[in-house]
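Let's take a relaxed tour of one protein chain. Have the sequence and the 3D view open as you read.

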Amino acid sequence: MPPFPPAISLARDVAAGRVFAEEACRAALERIGTADGRWGAFLQRTDERALEQARALDQACRRGDAPGPLAGVPVAVKDNICTRFGRTTCGSKMLARYRSPFSATVVERLEAAGGIVVGKTNLDEFAMGSSTENSAFQLTRNPWDETRVPGGSSGGSAVAVATRMTPLALGSDTGGSVRQPAALTGVVGLKPTYGRVSRYGLVAYGSSLDQIGVLSTCVEDAALLLGVIAGHDAADSTSVDRPVESHLEGVSDAALAARPKLRIGIVEEYLGEGLDDEVRQAVLAALDVYRRLGADVRPVSLPHARHCIATYYIVAMAECSSNLARFDGVHFGSRAAGTSDVYELYAASRAAGFGPEVKRRIILGTFVLSSGYYDEYYGQALKVRRLIKEDYDRAFETVDVLICPTSPTPAFRLGEKLTDPLQMYLADAYTLGVNLAGVPAVSIPCGFTRGGLPLGMQLIGPHFGETGLLQAARLYERETDWHTRVPPGAA
């Protein structure tokens, strides 16, 4: 089965009657069935329901009804986003049998727009990890080199798009979990402004950091899907009541030609020690492309960037400890058998249900929230978080977007960092600040290593600056062909 074209092309073909939605859906399911055993992107498929929806869409098209901007496009959904069909496991034994009674707002919106959910994708348990090796169910491999990780925690969604099993996927991004796997697998990964997309139905990890994001093969497709899922949702108290711009129109050739001269800030702190040289050279080469396009490129400093890792892991683990307290075998989650009292039930259920990384984060989060250490750790982290946000605010007074690597290294080998959590945490060194500040960012392909591994660069924009951010990404994408490359085994 050949790879899918971009979502925007497929949707236009379905709307025009050149392709049937059922045909596209069957193609996706067949491709997943024949190819995914090699990569492990999907935890479950939703064949029967997906085909039923596709047939209903075809009937609507024959009646002359508008099929929606995602007409017939197969979409993969990360398995920490609730769906009222199938299971929502979060990659954890704790929720291995959980079936949600409702669908997340983003799922309802993409289906209302004609999108077809064909399956739920693998992830690090409860979205806690940077390699998708922490799933309780299976290993996901990088399609460019099957001995390497796809990144995480949205590794399954990234692989689904990179291998063209689906043109689009939804992920969640708490500290880089959409952008980092996008960079390591050679696709586009967009994390919107905090509050731009509803979190209703996303199983919480870090509530002040989590944001549902988009994975796609090109910037236009990311703009298309963002336009569908963005917007205020009364069911989410953190959702911002602000009009949604036409992001797709914003990345059109006409809009790009009309936009003012692009001002780009290169983040000095993210080009120093710890950065792989091939990654550095790819980002610097991308800056040369922008200069040829007439962009004004200037150095920008984020003075508190060095504190991002410590700040993020204190805040995230504290919120993780609070959010996961409900999974105790009584309120939610699998219940251990043979216990004699409620305390033993809680302890046994959580010990059996959670994996090592989740337990590590719960323990650390509980510690930093304890009465003796709250002010010393969590209180201080909140103060530094404010300083990090102010760094970004000052930077955007003089530039339109910031540019830096997405990941310090290309995809690392399976198992390489599992025994060293600190090294694993450093894989998100350049993405964490974006979540702490709540600003939008996108990772786009910018080259390959000599060994054939994809490389990504990150563009960061001001709050609710998604259109300008996507314009900057599209300007570069039009000048290169990195985003068109497909892993050899997926071609």
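Helices here are runs of at least four residues, strands are runs of at least two, and both are numbered from the N terminus. With that in hand, phenylalanine 464 can be placed in the loop between strand 11 (454–460) and helix 17 (466–479). Keep in mind that this is a predicted model.

**The whole chain**

- You'll find 17 helices and 11 strands in the chain. Its radius of gyration is 21 Å, close to the 23 Å that the globule rule gives for 491 residues, so the chain is as compact as a globular protein of that length.
- Picture a box of roughly 65 × 55 × 45 Å, drawn along the principal axes: the C-alpha atoms of the chain fill it.
- How much of the chain counts as buried? The share is 62% of the 491 residues.
- Take the contacts between residues at least 6 apart in sequence: 77% of them join residues at least 24 apart.
- The accessible surface adds up to about 18,000 Å², and carbon and sulfur atoms account for 52% of that.
- As for charge, the chain has 51 positive and 55 negative charges, and the mean positions of the two sets are 1 Å apart.

**Cysteines**

- How many disulfides does the chain have? The count comes to 0.
- Cysteine 25 has cysteine 61 as its nearest cysteine by sulfur position, but the gap is 14 Å. A disulfide needs the two sulfur atoms within 2.5 Å, so this pair doesn't make one.
- Cysteine 61 is likewise in no disulfide, and its nearest cysteine sulfur is that of cysteine 25.
- Are these two cysteines buried or exposed to some degree? Cysteine 25 is buried at 0% relative accessible area, while cysteine 61 is partly exposed at 21%.

**Helix 5 and its surroundings**

- Helix 5 covers residues 155–162, and 8 of its 8 residues are buried, so the helix is largely enclosed by the rest of the structure.
- Among those buried residues are Gly155, Ser157, Val159 and Val161.
- Serine 153 sits in the loop between strand 3 (116–121) and helix 5. The bond joining glycine 152 and serine 153 is a cis peptide bond, with omega about 10°.
- After helix 5 comes arginine 164, which has a positive phi near 60°.

**Unusual backbone angles**

- Some background helps here: most residues other than glycine have a negative phi, and most peptide bonds are trans.
- Cysteine 90 isn't a glycine, yet its phi is positive, near 55°. You can spot cysteine 90 in the loop between strand 2 (74–78) and helix 4 (105–112), where it is buried at 0% relative accessibility.
- Phenylalanine 464 isn't a glycine either, and its phi is positive at about 60°. Its relative accessible area is 16%, so phenylalanine 464 counts as buried.

**Three buried residues and what they touch**

For these contacts, residues up to four places away in sequence are left out.

- Leucine 262 lies in the loop between helix 9 (253–258) and strand 7 (263–267). It is buried, with 6% relative accessible area. The residues that leucine 262 touches include Tyr290, Ala295, Asp400 and Leu475.
- Leucine 262 and leucine 382 are 120 residues apart in sequence, with 33 Å between their C-alpha atoms.
- Alanine 113 is in the loop between helix 4 and strand 3 and is buried at 7% relative accessible area. What does alanine 113 touch? Its contacts are Pro67, Gly68, Pro69, Leu70, Ala71 and Val228.
- Between the C-alpha atoms of alanine 113 and tyrosine 378 there are 41 Å in space, and 265 residues along the chain.
- Valine 297 belongs to strand 8 (residues 296–300). Buried means under 20% relative accessible area, so valine 297 makes the cut at 19%. Its contacts are Ile264, Leu287 and Arg291.
- Valine 297 and glutamate 108 are 189 residues apart along the chain, and their C-alpha atoms are separated by 41 Å.

Technical notes:
Residues are numbered from 1 along each chain as its sequence is written. This is a predicted model: local features need pLDDT of at least 70, side-chain atom pairs count only at pLDDT 80 or more; totals for chains, interfaces and linings use all residues. Side-chain values use heavy atoms; hydrogens and water are left out. The radius of gyration is taken over C-alpha atoms; the globule rule is 2.2 Å times the number of residues to the power 0.38. Buried means under 20% relative accessible area, exposed over 50%, partly exposed in between (1.4 Å probe, protein chains only). Contact means heavy atoms within 4.5 Å. Accessible areas come from the Shrake-Rupley method with a 1.4 Å probe; for residues, only the protein chains shown count as cover. Lys and Arg count as positive and Asp and Glu as negative; His and the chain ends are not counted. The place of a charge is taken as NZ of Lys, CZ of Arg, CG of Asp or CD of Glu.
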